[in-house]
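I set out to look up the pockets of this structure and the residues that line them. My entries follow.

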Amino acid sequence: MTEVRTRFAPSPTGRMHVGNLRTALYAYLIAKHAGGTFMLRIEDTDQERQVEGAVDIINRTLEMTGLEYDEGPDKDGGYGPYVQSERKASGIYMKYAKELVEKGEAYYCFCTKERLESLRTQAGDKEIVVYDKHCLSLSKEEIEENLAKGIPYVIRQNVPNEGTTKFVDEIYGEIEVPNAELDDMILIKSDGYPTYNFANVVDDHTMGITHVVRGNEYLSSAPKYNRLYEAFGWEVPVYIHCPLITDENHQKLSKRSGHSSFEDLIDQGFVREAVVNYVALLGWSPEDNREIFTLEELVKAFDYHHISKSPAVFDVQKLRWMNGEYLKAMDEEKFAEMARPWIEKAITKPLDLDRIAKMVKTRIEVFPDIPPMIDFFEELPEYDLSLFTNKKWKTDSEKSLTVLEGMVDSLENAKAFDNDSLYELVQAYAQEQGYKTGFVIWPLRIALSGKAVTPAGATEIMEVLGKEESVARIRKAIEMLKQS
RNA sequence: GGCUCCUUGGUCAAGUGGUUAAGACACCGCCCUUUCACGGCGGUAACAUGGGUUCAAAUCCCGUAGGAGUCACCA
């Protein structure tokens, strides 16, 4: 059996959205699962859409996600160059295009933009152009003459209007389309660059790609590819079209519609492993019911035959859950380090930030959840006295006042101000008074944090806050309660 | 509009002729708990639709409906 070779072939036009990322992931997994080669090829045939620094983004994203390629622009594996503009310079595309012209599978076209415009027709809510093969009838002499005159030209694929073309996709099975539907697509543009479609076929073949992994949006152009492979007499690779990833409105994810790129997600506080893990599960499922996978585990488990056909909605909710799982499983030091900048957004005082990180670790899903959760450490927020009323603990402002007044002195005089000692103190007081512990804890929490929900118990908050601040906050609560 | 693909709970999904139609997220309830969270237990909720084929259909066939993709000198 021949080695499996897959490729990720992005065009450098900006940030990488999750659909792209998943395509890259699947291509990587398919290659690695089979012990094959994963390649990066840069498709920069559109000179106008180039975006400065986009190649860096691609590299950075692949590096961050762990999708290490075996061959690429900076890693020659003998199939280079790996950048299409460099391959174009060698004349490879033109050479193959001319070969097709020789075979009658392609032809020169000198039509002007204006003439093409006149072919434009309305189709539903869209305008489309179907080329009318006008230049196919040009004689050899006319073509020579036009070329000699330097009239701009393109080379188009010649698809007959009769018959049908079939192709086989590993996921979708056999698909057959009428040739009349297949436009005579441009192979070589008037600037001499190949189009994506043509460069793809030439490169995939010359670079030994065995499995073409790409998005479902290309499904309808696959038959044209097949015709090209057949015209050249090349072996058709295995096609694996991945189902679309859509937003909650079932529209294809795209940069243009403002959908999140991988880097956006990282900026939003997701961890890279969680994003990769989540994206792997959009459109593919393992044989067992497992959901949490490292990249290595995905490599082992990934069988592309289990890729599904129907589009998948990108569900941020579930990504958040998964991210939370990753945070919980993360080791403490690493979490503290990653959480640090978010903690510092809310806290400038010299508190025990690692301790706070620990509190927050099992209670958040993404890092941005942190600041609003802990801001009370920095400064006691204004709060409503109604917070002192709690049904479960059967307490209210009046009872809270009693409790706080009953506790404040012993807290002030406490020798040890750590969590355990404080808890003992609270418990002792509760027992002595015949209260439930929660009945005492509740007012303390409110007084200390001004919040009904805190990332830790009252005694732990006191430890972090320190005696002075804690007592001050409790006294303040007593004042407020008295006044009301 | 033509062509192509898709259609199991709100979402991701298992399921390939016989199942009480898994599981996860979300939601709800209970338990645990120093609140919340975590964790544990439980619950609501699905085979788009109409015809076939078959003893038997979520699974096979046909139609219908709905959705999506695509129809550039963009990829």
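**Pocket linings**

I began with the lining of the second largest pocket, whose residues I found to divide into 13 nonpolar, 6 polar and 8 charged. I note that the model is a predicted one.

I then looked up the volume of this second largest pocket, which is about 990 Å³. Its lining comprises 27 residues, and I recorded Lys113, Leu116, Val154, Arg156 and Ile186 as the closest to the centre. Three elements give two or more residues to this lining, namely α5 (113–118), β5 (126–129) and β6 (154–157). I entered α5 as the source of the largest share, with 3 residues.

I turned next to the largest pocket and noted a volume of about 1,200 Å³. I found 40 residues in its lining, and those closest to the centre are Ser11, Asn20, Arg49, Glu217 and Tyr218. For the elements that give two or more residues to the lining of the largest pocket, I listed the strands β1 (5–8) and β10 (211–215) together with the helices α1 (18–33) and α7 (196–206).

Which element gives the largest share of the lining of the largest pocket? I found that α1 does, with 4 residues.

I closed with the composition of the lining of the largest pocket, where I recorded 14 nonpolar, 13 polar and 13 charged residues.

Note on methods: Residues are numbered from 1 along each chain as its sequence is written. Chains are lettered from A and ligands numbered from 1 in the order in which they are written. This is a predicted model: local features need pLDDT of at least 70, side-chain atom pairs count only at pLDDT 80 or more; totals for chains, interfaces and linings use all residues. Side-chain values use heavy atoms; hydrogens and water are left out. On a 1 Å grid over the protein atoms alone, a cavity is a set of points where a 1.4 Å probe fits but cannot get out, and a pocket is an open set with protein on both sides within 12 Å along at least five of seven lines; lining residues have an atom within 4 Å of a point. Grid points are joined across faces, edges and corners, and a volume is the space filled by probe spheres set on the points. Ala, Val, Leu, Ile, Met, Phe, Trp, Tyr, Cys and Pro count as nonpolar, Asp, Glu, Lys and Arg as charged, and the others, Gly among them, as polar.
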